[in-house]
Amino acid sequence: MDHVRSRGSNVLFRFFHAAYEEEFGRVKGHFGPINCVAFHPDGKSYSSGGEDGYVRIHYFDPQYFDFELEV
């Protein structure tokens, strides 16, 4: 996970695949630190809870599931 602070107090977190080092998800929209991230058991979504008092639900883009490993 990579943390980037953008304009104002808006925060952006980016997720990267450990082996392929490609970005596969972003958490944005919180104002202040993100305290927790939880993935849904089906792997299609995740939620984030921030110090701003909001819990946000995020969904992965459909392209994430079309990934094919080229050998």
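## Ground rules

A charge counts as sitting over a ring if NZ of Lys or CZ of Arg is within 6 Å of the ring centre and within 35 degrees of the ring normal. Here that applies to R56, whose charged end sits over the ring of Y54, 5.2 Å from its centre.

Keep in mind that this is a predicted model: local features need pLDDT of at least 70, side-chain atom pairs count only at pLDDT 80 or more, and totals for chains, interfaces and linings use all residues. Residues are numbered from 1 along each chain as its sequence is written, and side-chain values use heavy atoms, with hydrogens and water left out.

## Overall layout

There are zero helices here and six strands, so the pattern along the sequence reads β-β-β-β-β-β, where helices (H or I, at least four residues) and strands (E, at least two) are DSSP runs numbered from the N terminus.

Of the 71 residues, 23% count as buried. Buried means under 20% relative accessible area, exposed means over 50%, and partly exposed is in between (1.4 Å probe, protein chains only). The accessible surface comes to about 5,400 Å², with 52% of it belonging to carbon and sulfur atoms; these areas come from the Shrake-Rupley method with a 1.4 Å probe, and for residues only the protein chains shown count as cover. As for contacts (heavy atoms within 4.5 Å), take those with a separation of 6 or more: residues 24 or more positions apart account for 14% of them.

## Strands β4, β5 and β6

Two strands pair if DSSP finds at least two bridges between them. Strand β4 (residues 34-39) and strand β5 (residues 45-50) run antiparallel and are joined by five bridges. Across from β4, I34 stands opposite G50 in β5, and V37 stands opposite S48. The hairpin of β4 and β5 has five residues between the strands, and G43 in it takes a positive phi near 75°.

On to the next pairing: β5 is also joined by five bridges to strand β6 (residues 55-59), again antiparallel. S48 turns up here too, with R56 as its bridge partner in β6. This hairpin has four residues between the strands, and G53 takes a positive phi near 90°. β5 itself is mostly covered, with five of its six residues buried.

## The repeat annotation

UniProt, in an unreviewed entry, places the feature "repeat: WD" at residues 27-57. Its positions are given in the numbering used here, feature names are shortened, and annotations may be inferred rather than shown by experiment. Over residues 27-57 the chain is 0% helix and 65% strand, and the end C-alpha atoms are 9 Å apart.

## Aromatic rings

A pair of aromatic rings is described by the distance of the centres and the angle of the planes. Rings of Phe, Tyr and Trp (its six-membered ring) pair if their centres lie within 6.5 Å; planes under 30 degrees apart count as stacked, over 60 as edge-to-face and the rest as tilted. The structure holds three such pairs. One of them is F39 with Y46, tilted, at 5.6 Å centre to centre and 45° between the planes. F39 is partly exposed, with a relative accessible area of 45%, whereas Y46 counts as buried at 3%.

Y46 also forms a tilted pair with F60, at 5.0 Å centre to centre and 45° between the planes. That pair links distant parts of the chain: Y46 lies in strand β5 and F60 in the segment after β6, 14 residues apart. Both Y46 and F60 are buried. Ring pairs thus link F39, Y46 and F60 into a cluster.
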